[in-house]
Amino acid sequence: MTDSAPKDKQVLISVENLRIGFRLDRDTLFEAVKGVSFDIPLNSTVALVGESGSGKTVSAMAIMGLLPAQSSVVSAQSAIRYGPNNLLQANASA
């Protein structure tokens, strides 16, 4: 599902093809978020709506950088852009 901001609105955060999995064991990965994309316009209120277990909390945790590194896997093709920066590639010590 893609929901983009109108062209006249500046985008604060852009989530592109977000795919997140969790390691169940050494060889098994459970895909919790499967290719979600959306924009959050500047000076706007948005809501992420879906059924229980649809990945709302996991998506929000990814945006905030709160996913457990030891058990979560974010696809290399995913991007969470804040301005020119991809937050998924940001250095944690910066």
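In what follows, Ala, Val, Leu, Ile, Met, Phe, Trp, Tyr, Cys and Pro count as nonpolar, Asp, Glu, Lys and Arg as charged, and the others, Gly among them, as polar. The structure to which these classes will be applied is a predicted model.

The overall layout comes before the details. The secondary structure of the chain consists of 1 helix and 6 strands, and read from the N terminus these elements follow the order β-β-β-α-β-β-β. The chain has 94 residues, of which 28% count as buried, and its accessible surface amounts to about 6,700 Å², with 53% of that area belonging to carbon and sulfur atoms. If one takes the contacts in the chain with a separation of 6 or more, residues 24 or more positions apart account for 59% of them.

Some of the links across the sequence can be followed through charged side chains, and a search of the whole structure finds 2 salt bridges. In one of them Arg81 pairs with Glu16, and the closest N and O atoms lie 3.3 Å apart. This pair links distant parts of the chain, since Arg81 belongs to strand 5 (residues 79-82) and Glu16 to strand 2 (residues 11-23), with their positions 65 residues apart. Both partners keep some access to the probe: Arg81 is partly exposed with a relative accessible area of 32%, and Glu16 is likewise partly exposed, with a value of 28%.

The other salt bridge joins the side chains of Arg19 and Glu31, with an N to O distance of 3.1 Å. Here too the pair links distant parts of the chain, with Arg19 in strand 2 and Glu31 in strand 3 (residues 29-41), 12 residues apart. Arg19 has a relative accessible area of 30% and is partly exposed, and for Glu31 the relative accessible area is 30%, which also makes this residue partly exposed.

From Arg19 the path can be continued to the helix, because Ser59, which is found in helix 1, has its C-alpha atom 9.0 Å from that of Arg19, although the two residues are 40 apart along the chain. Ser59 has a relative accessibility of 3% and therefore counts as buried, the cut-off for that class being under 20%. Once its neighbours within four places in sequence are set aside, Ser59 is in contact with Leu18, Val33 and Leu48.

Helix 1 also takes part in enclosing empty space. Rolling a probe the size of a water molecule over the atoms shows where such space is left. The second largest pocket holds about 330 Å³ of space. It is lined by 15 residues, of which Ala62, Gly65, Val74, Leu87 and Leu88 are the closest to its centre. The elements that give two or more residues to this lining are helix 1 (56-64) and strand 4 (72-74), and the largest share, 4 residues, comes from helix 1. What classes of residue make up the lining of the second largest pocket? With the classes set out at the start, the lining has 13 nonpolar and 2 polar residues, and no charged residues.

The backbone offers another point of interest. Most residues other than glycine have a negative phi. Against that background, Asn17 has a positive phi of about 50° although it is not a glycine. Asn17 lies in strand 2 and, at 29% relative accessibility, counts as partly exposed. Asn43 also has a positive phi, near 60°, and is a residue other than glycine. In contrast to a place within a strand, Asn43 is found in the loop between strand 3 and helix 1, and at 74% relative accessibility Asn43 counts as exposed.

A last residue to examine is Gln10, which sits in the loop between strand 1 (2-3) and strand 2. Its relative accessibility is 55%, so Gln10 counts as exposed, given that this class requires a value over 50%. Exposure does not leave Gln10 without partners from elsewhere in the sequence, for when its neighbours within four places are left aside, Gln10 is in contact with Pro41 and Leu42. Gln10 and Ser44, which are 34 residues apart in sequence, have their C-alpha atoms 10.0 Å apart in space.

Conventions
Residues numbered from 1 in each chain as written. Predicted model: local features only at pLDDT ≥ 70, side-chain atom pairs only at ≥ 80, totals over all residues. Heavy atoms only, no water. Buried < 20%, exposed > 50% of the residue type's maximum accessible area, 1.4 Å probe, protein only. Contact = heavy atoms within 4.5 Å. Areas by Shrake-Rupley, 256 points an atom, 1.4 Å probe, with all protein chains shown as cover. Salt bridge = Lys/Arg side-chain N within 4 Å of Asp/Glu carboxyl O. 1 Å grid on protein atoms, 1.4 Å probe; cavity = no way out; pocket = protein on both sides within 12 Å on 5 of 7 lines; lining within 4 Å. Points joined across faces, edges and corners; volume = space filled by probe spheres on them.
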